[in-house]
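Please open the model in your viewer and keep the selection panel at hand. The stops below are meant to be followed in order.

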Amino acid sequence: MDIYNLKDIEKIYVFGGLNDRFTDITHRIMEEGFCNSLVIAIGNKNFTFYDFNTIKEKFEESNSYFASNNINLFIIRGNDLDPMIFENKLINFSNIKTISDYSIIKTKNKNILCIGGSISYNRDWKITYEELTSKFNKEKSSLYFENECFNLDKNKINELKEIKDNIDYIVTQTAPFSVDNISYLSKIKFFKYNKVLLKDVIKEKKKIDSLFKTLKKNNTIKKWLYSENEYDIVTSYERVDFIPVMMDTFLDISKENKMKEKELLSFNDLFHELIS
């Protein structure tokens with residue numbers, strides 16, 4: 001488990017991901033004029049679809065500007081990204097990094113746990129696309145990674161229990177099943193035609209529920225942030241605010257976010273909706 005100390009940082013932003021090339025995030029940050037800040041980016045967009053060395057060079061070019069302005073860009077893995085880039089920290093400049101799951105970032109006022117990964121809802125399309133393109137291209141362009149999903153790592157969870165500092169915030173690509181109900185309802189038709197995917201997603205969500213319950217025992221968690229495409233609505237659950245961060249959006253978590261809360265369905269009601 002990696003711990004990053006940014007004790008001089010107060011301004012913190014979470015970025016929900018790009019609909020365009022992921023390296024464009026550095027230009028977006030420069031345009032926003034962020035200084036003396038931390039940006040945690042959820043890596044939804046596949047920058048490994050392009051030449052990785054070129055992508056790495058682009059981040060390196062931006063790193064000097066980030067360092068001189070004390071901007072720290074930490075990227076957690078999304079389901080469009082090769083997990084090995086994050087596990088092995090293949091982008092590891094002074095101020096721009098891909099970080100591994102269960103990394104903790106300590107800022108002046110907050111301790112933030114970061115865990116990436118989730119199942120792709122278009123998983124079957126990715127697999128089919130790779131099979132078709134491999135017939136025409138010698139070099140494989142990976143879109144689907146078998147280990148893309150959220151990983152409930154018991155060893156790292158045990159390490160978290162040994163940490164004396166409280167975990168204030170958690171950032172993941174996806175939310176626990178208990179709080180992500182409205183988002184799921186928007187995908188009912190898709191799940192109706194793919195029961196295997198539905199089963200796998202529910203299983204993954206329940207793992208995140210398990211993580212939440214475990215961490216809640218030893219920590220006073222204030223907010224949990226996750227990437228979202230549909231609903232910009234906060235869920236308050238067991239005294240924790242679960243906040244969706246929309247695509248192409250920077251959310252300032254240095255201050256309180258007053259957002260409309262959403263009504264939760266019970267697990268049984270939701271499951272009935274999905275399979276009926």
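The tour begins with model confidence, proceeds through two sheets, and ends with a pocket and a cavity.

**Confidence**

Colour the chain by pLDDT, since this is a predicted model. The average pLDDT of the chain is 83, and 81% of the residues score at least 70. Next, select residues 262-268, where the pLDDT is below 50. Beyond near neighbours in sequence, this stretch has 19 contacts in the model.

**The sheet of 5 strands**

Select strands E5, E4, E3, E2 and E12, which in that order form an open sheet with mixed pairing. Its edges are strand E5 (96-98) and strand E12 (250-252), each of which pairs on one side only. From one strand to the next, the twist averages 20°.

Now restrict the view to strand E2 (residues 11-15) and strand E3 (residues 37-43). These two strands pair in the parallel sense, over 5 bridges. To see how they line up, label Lys-11, which stands opposite Ser-37 in E3.

Add helix H1 (residues 24-32) to the selection; this helix packs on the sheet and touches E2, E3, strand E4 (71-77), E5 and E12. The direction of H1 makes about 145° with that of E4. Then add helix H2 (residues 52-68), which also packs on the sheet, touching E4 and E5. For H2, the angle between its direction and that of E4 is about 140°.

**The sheet of 7 strands**

Hide the previous selection and display the strands E1-E6-E7-E8-E9-E11-E10, given here in their order within an open sheet of 7 strands with mixed pairing. At the edges lie strand E1 (3-6) and strand E10 (235-237), each pairing on one side only. Direction ignored, neighbouring strands of this sheet are turned by 20° against each other on average.

Zoom in on E1 and strand E6 (residues 103-107), which run parallel and are joined by 4 bridges. Pick Leu-6 here: its bridge partner in E6 is Thr-107.

**The second largest pocket**

Which residues line the second largest pocket? Select Arg-77, Pro-83, Met-84, Phe-86, Glu-87, Asp-101, Tyr-102, Asn-147, Cys-149, Asn-151, Asp-153 and Lys-156 to show the lining. The space in this pocket amounts to about 170 Å³. Highlight helix H3 (residues 83-87), which contributes the largest share of the lining, 4 residues. Colouring the lining by residue class gives 5 nonpolar, 2 polar and 5 charged residues.

**The cavity**

Rolling a probe the size of a water molecule over the atoms reveals where empty space is left. How many cavities of 30 Å³ or more does a search of the whole structure find? The search finds 1, and the volume of the largest cavity is about 30 Å³.

Select Leu-160, Lys-161, Thr-214, Leu-215, Asn-218 and Asn-219, the residues that line the largest cavity. Show helix H5 (154-162) and helix H8 (195-218) as well, as each supplies at least two residues of this lining. The largest share, 3 residues, comes from H8. By class, the lining of the largest cavity divides into 2 nonpolar, 3 polar and 1 charged.

Terms used. Residues numbered from 1 in each chain as written. Predicted model: local features only at pLDDT ≥ 70, side-chain atom pairs only at ≥ 80, totals over all residues. Heavy atoms only, no water. 1 Å grid on protein atoms, 1.4 Å probe; cavity = no way out; pocket = protein on both sides within 12 Å on 5 of 7 lines; lining within 4 Å. Points joined across faces, edges and corners; volume = space filled by probe spheres on them. Nonpolar A, V, L, I, M, F, W, Y, C, P; charged D, E, K, R; others polar. Pairing = 2+ DSSP bridges. Axes fitted to C-alpha atoms, helices over the stretch in contact; angles between N-to-C directions. Contact = heavy atoms within 4.5 Å. pLDDT = per-residue confidence, 0-100.
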